[in-house]
Number of protein chains: 2
Amino acid sequence: MRGFHRMNAGWWHGRFRGCGYRITLPRQMIIELLNRTTAHLSAEDVYLEVHKMHSDIGLTTVYRTLELLVQMGIVLKFDFGDGRARYELAETSKGRKHHHHMVCTNCGRIIDYADFIDEEIELLSRTEKGLSKKFNFEITNHLIQFYGLCDQCQKTIKRLSRPSVSQ
Amino acid sequence: MRGFHRMNAGWWHGRFRGCGYRITLPRQMIIELLNRTTAHLSAEDVYLEVHKMHSDIGLTTVYRTLELLVQMGIVLKFDFGDGRARYELAETSKGRKHHHHMVCTNCGRIIDYADFIDEEIELLSRTEKGLSKKFNFEITNHLIQFYGLCDQCQKTIKRLSRPSVSQ
DNA sequence: TCACTTATTGATAATGGTTATCATTATCAA
DNA sequence: TTGATAATGATAACCATTATCAATAAGTGA
C-alpha cells in the first residue's frame, strides 16, 4: 500500500492512460502486491494474495492483468520449469535490482543473484549488438538462467546415493 | 537411418544398457529423427514424423522417450514461449555445434546462432565458478536466449503501425 | 532354445495451468 | 449525469502433458 504511493500512483495512471488503458482497483492491487514482494509469484499466488483483501477479484482478471503488465514491460514473466509461469516487477529506479536466477532442478528453489551481473550485462549488450547487425534482429529482451543443485539438495542426494551397510 | 549407423548404434546401446535401459525400436527411431534434423521439434512433431514410418508408435512413448533422453543428457529441452516444449539433440562430437537461440516474439521464429558463443561460454563458465563458490550451488546447465523481432516482423509491424491516408 | 523377470509400450482417462466466451459492471471524458 | 467502451468475473473450453494399467517385448540364465 505504502510502496504504491511512494512509487507515485500518478505515474502509473499516466502510464496506463497513455496506452488507452484504465487504472482499476484490481490492477492497483496487483501492482502493489508485486511491488512489496521479491518473491517469484505464480498467477495463483497473486490471486490468493489479492483475494485476501478483495475477495471479488477473480482469477481471470489476475491472468489478464499480469499479461497486460508483461506487454507493457512493467512485469517480467519467467518459466522455472515447474509448469506454471512466475512473475516479478521489472527493475525500477527505486531500489529493485536487476538480477538473474539460479534454479535448483531437485527442489525448485530459486536463487536471485546480481553479483556477476555487470560483466554479464556488458557481454550481453555486445552480443546483442552483433546479433542485431548480423541477423537484422531487433532484440528487446534476454534471458539467462543457471540450473543445478542447491546446497541442501546436494547433501540430500549424496546421502541417498551412499551405499548402505547391508549391501 | 544412415545417420544413426554413422553415429555407431553400439554406442547408443552401451549408453542405454549402462543405465539399465533397453534400446528399443521407438527409441531408435526417435534418436535417428533428432539426429537427422536441426529443427526444434515439439513432442507432437516427433510423434507425427516417427508415426510416418511406424504407425504403431504412440504419443505417450514419444513423451516418455524424450523425457528419458533429457534425463540422460542426450537431448536438450527448450521453452520458446509457445506453450509446448521443444527438443533437440545435444551437441555431439559429430558436427553438431553448440548454439544459442533468438526467439521472435511476434511470429515465433527461432534463429540459431553460434557466432558469439566462445565469449559467452567463457563468461558463463567464469560466472558458474563464482556462483557455485558463493552459493555452494552445483551448476549443471545454463540457458541464454534473446527475444525480439525478426527481420520480417519488423517490416510487418512498421507497415501496420503507419497511419493510413484516410486518417 | 525355453522360460522368466522386468522394462517398455500404447490406448485411455485424468490433470491442471491458461484462455475464450459473454453478459454485466465500472471508468472516465464530455 | 451520460454515454461510449474498457474491464470484470463466472463458467466452460482448451490443450499439452501425465498417470493408469493391462498387454507386450527385451534380455538373461538355464
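How far is the sulfur of A:Cys104 from the closest cysteine sulfur, and in which residue does that sulfur lie? The partner is A:Cys107, at 3.7 Å, which is too far for a bond. A disulfide is defined as a pair of cysteine sulfur atoms within 2.5 Å, and a search of the whole structure finds zero of them over all chains.

The model is predicted, so local features need pLDDT of at least 70 and side-chain atom pairs count only at pLDDT 80 or more, whereas totals for chains, interfaces and linings use all residues. Residues are numbered from 1 along each chain as its sequence is written, chains are lettered from A and ligands numbered from 1 in the order in which they are written, and side-chain values use heavy atoms, with hydrogens and water left out.

The accessibility of two cysteines may be considered next. Buried denotes under 20% relative accessible area, exposed over 50%, and partly exposed the range in between (1.4 Å probe, protein chains only). A:Cys104 counts as buried at 1% relative accessibility, while B:Cys19 is partly exposed at 42%.

The two chains are related by symmetry. In general, two copies of a chain are related by a rotation about an axis and a shift along it. Here, a turn of 179° and a shift of 0.0 Å along the axis lay chain A on chain B with an RMSD of 0.1 Å (least-squares superposition on the C-alpha atoms of residues with pLDDT of at least 70 in both). This is the relation of a two-fold axis. The residue of chain A that comes closest to the rotation axis is A:Ile144, with its C-alpha at 2.3 Å. With contact taken as heavy atoms within 4.5 Å, 100% of the interface residues of chain A are also interface residues in chain B, so the copies meet through the same surface.

DNA strand D is surrounded by 19 residues, a residue being near a strand if one of its heavy atoms lies within 4 Å of it. The closest are A:Arg27, A:Asp56, A:Thr61, A:Arg64 and B:Arg84. By class, this surface has five nonpolar, seven polar and seven charged residues. The element that gives the most is α5(A), with three residues. Of the strand D atoms within 4 Å of the protein, 67% belong to sugar or phosphate and the rest to bases.

Individual polar contacts (N or O atoms within 3.5 Å) add detail. Polar side-chain atoms of A:Thr24 and B:Tyr63 lie 2.9 Å and 2.6 Å, respectively, from a phosphate oxygen of DNA strand D. For B:Arg22, a polar side-chain atom lies 3.2 Å from a base nitrogen of DNA strand D.

Terms used
Polar contact = N/O pair within 3.5 Å; in protein donor to acceptor, adjacent residues only side chain to side chain. Helix = DSSP H or I, 4+ residues; strand = E, 2+ residues; numbered from the N terminus. Nonpolar A, V, L, I, M, F, W, Y, C, P; charged D, E, K, R; others polar.
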